[in-house]
Amino acid sequence: MNDLYIRLLCAAGYLVLAPFIGGLLSGLDRKLTARMQGRQGPPLLQAFYDVAKLFKKQPVVVNSVQNLLIVGFLVFVAFTGCLFFFGGDLLLIFFALSLAVIFIFMSASSANSPYSSMGAQRELVQMLAYEPMILLTAVGFYLFTGSFAVSDIIRSSTPAIAAMPGVFLGFSFILIIKFQKSPFDLSTSHHAHQEMVKGLNTEHAGNILGLIEIAHWYETVFLLCVAGLFFITSDWYSWLIALAVVLLVYVIDVLVDNTFPRVKWQTMVVMSWAVTLVLGVLNLLILSLINH
């Protein structure tokens, strides 16, 4: 019973704290980006100021289903993280995350806008690129621990990174796509350096765009926690190691975002599948042979 209370508390903690942590990470992203470009940059809390301003603006709705679909996107992203922190099944968790992306895809597709439709199509291409690696990540944890449950994985005496370095590197690679960072920010962009600029979010404004930003904060925290799962064991200090690695991964993603130019979608798919095959599949083959 005590274990159930702890798991419920962890899920509730994610639901409450993840937007604040995600907003701080977004502010850190802007600050690091500015420093890399020789600028002072906005304050660390600028992301919160921007979202607050969005909620004060007059709502503009393109059609009647747009609000419902964006709310569904936010709910499923939050549910994904809650299920993860509750110690749930990784396959179900990743399925819920994919379903959340479908909601924002449908919202963009419902608008009669060429930029929004193009962004939605590119979002599907991005899913085609990163979903295989996400699936292999769940399979890798199962081969290593014998369970898909997060609650079982964190009780392991040995960190998963010891047996799955390739899977970790592959998962870290596709985070660049999930975080909408260059060179793989095809469906939308935080910066005005591509032909569509906001693409997927072209027809989203006001409080709807604010909800999308909050959902991305939830998603960022959840995905970084999955990366940290590779280093967490039953030892308390492993959580500190995981935190340090997660911050390093995020900083590297920001560095990549400011270093590499955007590529075509064909290049993104080829690179993602190559990483999945070379790092992910090969690592799992070796792991399965060791287990047998």
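## Three residues, from surface to core

Phe20 sits in helix 1, which covers residues 2-36. Keep in mind that this is a predicted model. Here is a quick look at Phe20 and two other residues, Val263 and Ser107.

**Phe20 and its patch**
- With a relative accessibility of 51%, Phe20 counts as exposed, because the cut-off for that label is over 50%.
- Phe20 is also part of a nonpolar patch on the surface, about 470 Å² in area.
- The other residues making up that patch are Leu15, Val16, Leu17 and Ile21.

**Val263, in a loop**
- You'll find Val263 in the loop that runs between helix 9 (237-257) and helix 10 (265-291).
- Val263 comes out at 21% relative accessibility, so it counts as partly exposed; buried would need a value under 20%.
- Setting aside neighbours within four places in sequence, Val263 touches Pro183, Phe184, Leu186 and Met268.
- One of those contacts, Leu186, is 77 residues from Val263 in sequence, yet the two C-alpha atoms are 8.1 Å apart in space.

**Ser107, in a helix**
- Ser107 belongs to helix 4, residues 90-110.
- Its relative accessible area is 0%, so Ser107 is buried.
- Again leaving out neighbours within four places in sequence, Ser107 is in contact with Gln66, Leu69, Ile70 and His204.

**Quick recap**
- Phe20 is exposed, Val263 is partly exposed, and Ser107 is buried.
- Phe20 lies in helix 1 and Ser107 in helix 4, while Val263 is in a loop.

Key: Residues are numbered from 1 along each chain as its sequence is written. This is a predicted model: local features need pLDDT of at least 70, side-chain atom pairs count only at pLDDT 80 or more; totals for chains, interfaces and linings use all residues. Side-chain values use heavy atoms; hydrogens and water are left out. Patches are made of residues with over 30% relative accessible area and no salt bridge: like charges are joined within 9 Å, nonpolar side chains (Val, Leu, Ile, Met, Phe, Trp, Tyr) within 5 Å. Accessible areas come from the Shrake-Rupley method with a 1.4 Å probe; for residues, only the protein chains shown count as cover. A salt bridge is a side-chain nitrogen of Lys or Arg within 4 Å of a carboxyl oxygen of Asp or Glu. Helices (H or I, at least four residues) and strands (E, at least two) are DSSP runs, numbered from the N terminus. Buried means under 20% relative accessible area, exposed over 50%, partly exposed in between (1.4 Å probe, protein chains only). Contact means heavy atoms within 4.5 Å.
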